[in-house]
Amino acid sequence: MHIHRRKFNTFAMSAGLTVIVPVHAIGLGDLTAGEASSGLKLALEKGSAMAMRLLSAHDGFWGNEKVRIALPDAVNKAGKLLKTLGLGRQLDELNLQMNRAAETAVPMASQWLAQSIQSMSVQDAKSILQGGENSVTQFFESKTRAPLTSDFTPSVKQSLEKLGVVEQFNVIALKLSGAGLLDKDKARLETHVTAKALDGLYFMIGEEEKKIRQNPAQAGSALLSKVFGAVRSNPLTRPSARAAGAK
């Protein structure tokens, strides 16, 4: 005979019995729109703060091969030629200082990141949660890359000039231009560094998002644990399910 669980529990407690009722993990359907939205915003706040802290530290870019900014392609391809011309030291110094400029520029992204986080709509929240393991970061990037590029570029250029990188690059660019390997008028080092700095920033935010998704209980927040725990319990959002659906 089927007994309603609530009635059974009441009966059992009144009878002095110890009953262990299994706790079922909540699913996405159990989250309110507000919880989903707030959870995403908190994840972005945590992820972006950690990413900026790591990248703005000394060697934040230079010491991390996953985000280290390489020389522009034209310079890389001509590296051997430039070294035979006695510019090996300048190349190494240029590469290092490009990364230093990125480390200096990253904290300036905080205002745009904060504004973008707060502007996330409640309507978007659950659909983003059902995406891939870095869907939050992808949404974030789509909202911030353009304005951050506009704000970043002048600051990066200023940092490069202060570090003497522009002068170093001009010496190298002049050599490449003379060899017909680079159109000096089109060589804008600040554009290259800005784009790669933002790539590194979004990559690191994505890494933090993955950590939260994989182990929400360690995020130190009951809300994050609830929201991303619900995502992990949803079979449609698991990596294996997405891979199967892609076949």
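Start with how the chain meets itself: of its contacts with a separation of 6 or more, 81% are between residues 24 or more positions apart. Keep in mind that what you're looking at is a predicted model. The chain has twelve helices and zero strands, so the pattern along the sequence reads α-α-α-α-α-α-α-α-α-α-α-α. Of its 247 residues, 40% count as buried.

Let's walk through a few of the helix pairs, beginning with α2 and α6. Helix α2 covers 33–56, and helix α6 takes in residues 110–118. Their axes sit 9 Å apart and the two pack at an angle of about 170 degrees, which makes them roughly antiparallel to each other. On the α2 side, the contact is made by Lys 41, Leu 44, Glu 45, Ser 48 and Met 52. Facing them from α6 are Ser 110, Leu 113, Ile 117 and Gln 118. By class, that contact of α2 with α6 is a mixture of four nonpolar, three polar and two charged residues.

While you're at α6, have a look at Gln 111, which belongs to this helix. Gln 111 counts as exposed because its relative accessible area is 55%, and the cut-off for that class is over 50%. Its C-alpha atom is 9.7 Å from that of Leu 148, with their positions 37 residues apart along the chain. There's a similar kind of pairing between Ser 116 and Glu 141: they are 25 residues apart in sequence, and 9.5 Å separates them in space, C-alpha to C-alpha. Glu 141 is part of helix α8, and at 26% relative accessibility it is partly exposed.

Now follow the chain out of α2 into the loop that leads to α3 (73–77), where you'll find Asp 59. This residue has a positive phi of about 70 degrees, even though it is not a glycine. Why does that catch the eye? Because most residues other than glycine have a negative phi. Asp 59 is partly exposed, with a relative accessible area of 29%.

What does the backbone nitrogen of Asp 59 lie 3.3 Å from? The partner is a polar atom of the side chain of Glu 103, a residue of helix α5. The side chain of Glu 103 also reaches the backbone nitrogen of Trp 62, again with a distance of 3.3 Å. Unlike the partly exposed Asp 59, Glu 103 is buried, at 5% relative accessibility. Setting aside neighbours within four places in sequence, Glu 103 is in contact with Leu 55, Ser 56, Ala 57, His 58, Asp 59, Gly 60, Phe 61 and Trp 62.

Helix α5 also gives us a second pair to trace. It spans residues 88–105, and its axis comes within 10 Å of that of α10 (residues 189–214), the two crossing at roughly 60 degrees. That angle makes α5 oblique to α10, and the crossing is right-handed. The residues that make the contact are Leu 94, Met 98 and Ala 102 from α5, with Leu 189, His 192, Val 193 and Ala 197 from α10. Sorted by class, this contact of α5 with α10 has six nonpolar residues, one polar and no charged ones.

From α10 we can move across to α8, a helix of residues 135–162. The axes of α8 and α10 come within 8 Å and cross at roughly 145 degrees. Here too the crossing is right-handed. Which classes of residue make up the contact of α8 with α10? There are 13 nonpolar, seven polar and seven charged residues.

To finish, zoom in on Thr 137, which lies in α8. At 4% relative accessibility, Thr 137 counts as buried, since the cut-off for that class is under 20%. Beyond its neighbours within four places in sequence, Thr 137 is in contact with Tyr 202, Ile 205, Gly 206 and Glu 209. With Glu 209 there is also a polar contact of 2.5 Å, joining the two side chains.

Key: Residues are numbered from 1 along each chain as its sequence is written. This is a predicted model: local features need pLDDT of at least 70, side-chain atom pairs count only at pLDDT 80 or more; totals for chains, interfaces and linings use all residues. Side-chain values use heavy atoms; hydrogens and water are left out. Axes are lines fitted to C-alpha atoms, for helices over the stretch in contact, and angles run from 0 to 180 degrees between N-to-C directions. Helices (H or I, at least four residues) and strands (E, at least two) are DSSP runs, numbered from the N terminus. Angles under 35 degrees count as roughly parallel, over 145 as roughly antiparallel, 65 to 115 as roughly perpendicular and the rest as oblique. A crossing is left-handed if the near helix is turned anticlockwise from the far one by less than a right angle, and right-handed if clockwise. Contact means heavy atoms within 4.5 Å. Ala, Val, Leu, Ile, Met, Phe, Trp, Tyr, Cys and Pro count as nonpolar, Asp, Glu, Lys and Arg as charged, and the others, Gly among them, as polar. Buried means under 20% relative accessible area, exposed over 50%, partly exposed in between (1.4 Å probe, protein chains only). A polar contact is a pair of N or O atoms within 3.5 Å; within protein, one must be able to donate a hydrogen and the other to accept it, and residues adjacent in sequence count only if both atoms are side-chain atoms.
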